[in-house]
Structure formats: structure tokens, C-alpha cells
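Subject: Structure for your review

Dear colleague,

Please find below the structure that I am handing over to you, together with its sequence. My account of what was found in it follows directly after.

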Amino acid sequence: MPATSSDPVPTLQLASPTSAAWIEQAIRHLDLILLDHANCEKKAAGNALSLLFRYPANGRLVEALSPLAREELQHFERVHRHLQRLGIPIRPLSAAPYASRLNQHLRRSEPEHLLDALLVAAIIEARSHERLGLLGIHVPDPELRQFYLWLAAAEERHWQLYLDLALEQFPAEPVQERLDGLLQVEAEILSTLHPEPRVHS
Ligand SMILES: [Fe+2]
Ligand SMILES: [Fe+2]
């Protein structure tokens, strides 16, 4: 049952703000952050696509996530152009454990799996929104600053979309309860700075 107008509307507030240590690490290793960011955009597109494969009969998901996958690929193309403009050699990069650790908390049975997948996607987008916004303030290159501020606004729209999809398909109270639990898990994952500079280190 979806949320009704009398329910409080759940919202997503990250449980911990990004540390100054992450900002310093990111600015010092901007080449690695950009390479990792290109991968993050591909993964965001891939995650939207994998939900389309898993729930092909869910019309609302198809309608929302197919354009989202395309938009994430456009983001990837734009990050890739910045890598080329800045002369950063493209090379494979290991991922931070962030997403895989979050995904360990997805329940296996349905419909709980769908709820968890939508909420984890919303949280990842919300953290991207926060961190890309910080890069939009702190990176020295003015073209990149502008790019990151533009991207941060898109990622804000994306976390809202994933949360809306959850609320359209599940009652508000369990959505908020599960979201709060997953937000605590996410904050715990980021409580120690990963030694490798990454968007989600
Ligand atoms: Fe994106
Ligand atoms: Fe996104």
C-alpha cells in the first residue's frame, strides 16, 4: 500500500556528513577520483539496468529507470571527456568496498529485496550528491567545479526518484524504518577513511 496524504513523508538525511579528511584526500588525488567517478557513473547505469532485468513486469520501474540508465551513461561520457581534457591516462581501478558492503544488507526474499535495492540506490545517489557538491566547491579547476555542481543537482534528483519509487510501492512507515537502518550502516561503512582515494572511500 503506498503512502497516503496523512502519513508523514519519509525523507533521506545522511547519518554522517563527509569528513574534511575525505575532501583533502580527494583534492590531492583528483586524477584517481575522476577515474573512479567514471566507473561510478557506469555502475549507476548498470544498477538501473539490472533492476530493469530483475523486475521486467514492473511498469513504473521500467518507465523511471530506463531514462535514468541513459542519463547515467551521459554522465559517464562527460566525465570521460574531462579525463581526456586533463590528459589523465585511462586505466583500470579497483572499487572501494562501499557499494559491495551496502549490498550485503539487501534481503533476499521479495518484496523486501526490491525495497532494499531502491533504498540502497537512493543512499548511494544521496552520498554522491553530497560529495560531488563538495568537489564543486573545492576543486581548483573552474570547469570541473561547474561540472560537479551540475552533476550534484542531477544526483539529488536521482536519490529523490529512488525514494519516490520505494514510497509508491511500499507503505511509508516500513520505508522510513528500513531507510534509517540502512543510513546507519552507510555511515558506519564511511566512518574510517578508505586508504585508496575514491568517490565513496
Ligand atoms: Fe550520475
Ligand atoms: Fe545518479
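**Metal sites**

In sequence, the donor residues of the iron ion (ligand 1) follow the spacing E-x30-E-x2-H-x79-E. Please note that the model is predicted. The donors behind that pattern are Glu41 (OE), Glu72 (OE), His75 (ND1) and Glu155 (OE), which lie 2.0 to 2.3 Å from the iron ion (ligand 1). The angles subtended by these 4 donor atoms run from 87 to 142°, and the arrangement is therefore irregular. The upper end of that range exceeds the limit of 135 degrees that a tetrahedral assignment would allow.

Two of these donors also connect distant parts of the chain. Glu72 belongs to helix H3 (residues 59-85) and Glu155 to helix H6 (residues 142-169), so the pair ties together parts that are 83 residues apart in sequence. Glu72 is buried, its relative accessible area being 0%. Glu155 is likewise buried, with a value of 2%.

The iron ion (ligand 2) has as its protein donors Glu72 (OE), Glu125 (OE), Glu125 (OE), Glu155 (OE) and His158 (ND1), at 1.9 to 2.6 Å. Glu125 thus appears twice in the donor list. The sequence spacing for the iron ion (ligand 2) is E-x52-E-x29-E-x2-H. Within helix H6, Glu155 and His158 are 3 residues apart, which means that about one helical turn separates them. His158 counts as buried, at 1% relative accessibility.

How far apart are the iron ion (ligand 1) and the iron ion (ligand 2), and which residue coordinates both? The separation is 3.4 Å, and Glu72 coordinates both ions. Glu155 is also listed among the donors of the iron ion (ligand 1) and among those of the iron ion (ligand 2).

**The largest pocket**

The largest pocket holds about 570 Å³ of space. Its lining comprises 29 residues, and those nearest the centre are Lys43, Ala44, Asn47, Ala99 and Ile124. Several helices contribute: helix H2 (30-54), H3, helix H4 (98-103), helix H5 (112-138) and H6 each provide at least two lining residues. H2 gives the largest share, with 9 residues. Sorted by class, the lining of the largest pocket contains 15 nonpolar, 7 polar and 7 charged residues.

Helices H3 and H6 therefore enter this account twice, since each supplies at least two residues of the pocket lining and they carry Glu72 and Glu155 respectively.

**Aromatic pairs in helix H6**

The structure contains 2 aromatic pairs. In one of them, the ring centres of Phe147 and Tyr148 are 5.6 Å apart and the planes meet at 45°, so this pair is tilted. In the pair of Phe147 and Trp150, by contrast, the rings are stacked, with 6.2 Å from centre to centre and 25° between the planes. Phe147 and Trp150 both lie in helix H6, 3 residues apart, or about one turn of the helix.

Is Trp150 buried or partly exposed? At 41% relative accessibility, Trp150 counts as partly exposed. Phe147, on the other hand, is buried, with a relative accessible area of 3%, and Tyr148 is buried as well. Through these ring pairs, Phe147, Tyr148 and Trp150 are joined into a cluster.

Yours sincerely

Terms used
Residues are numbered from 1 along each chain as its sequence is written. Chains are lettered from A and ligands numbered from 1 in the order in which they are written. This is a predicted model: local features need pLDDT of at least 70, side-chain atom pairs count only at pLDDT 80 or more; totals for chains, interfaces and linings use all residues. Side-chain values use heavy atoms; hydrogens and water are left out. Donors are N, O and S atoms within 2.8 Å of the metal (3.2 Å for Na, K and Ca); water is not among the atoms, so sites may look incomplete. Four donors count as tetrahedral if all angles lie between 85 and 135 degrees; four count as square planar and six as octahedral if opposite donors are over 155 degrees apart and all others between 65 and 115; anything else is irregular. Helices (H or I, at least four residues) and strands (E, at least two) are DSSP runs, numbered from the N terminus. Buried means under 20% relative accessible area, exposed over 50%, partly exposed in between (1.4 Å probe, protein chains only). On a 1 Å grid over the protein atoms alone, a cavity is a set of points where a 1.4 Å probe fits but cannot get out, and a pocket is an open set with protein on both sides within 12 Å along at least five of seven lines; lining residues have an atom within 4 Å of a point. Grid points are joined across faces, edges and corners, and a volume is the space filled by probe spheres set on the points. Ala, Val, Leu, Ile, Met, Phe, Trp, Tyr, Cys and Pro count as nonpolar, Asp, Glu, Lys and Arg as charged, and the others, Gly among them, as polar. Rings of Phe, Tyr and Trp (its six-membered ring) pair if their centres lie within 6.5 Å; planes under 30 degrees apart count as stacked, over 60 as edge-to-face and the rest as tilted.
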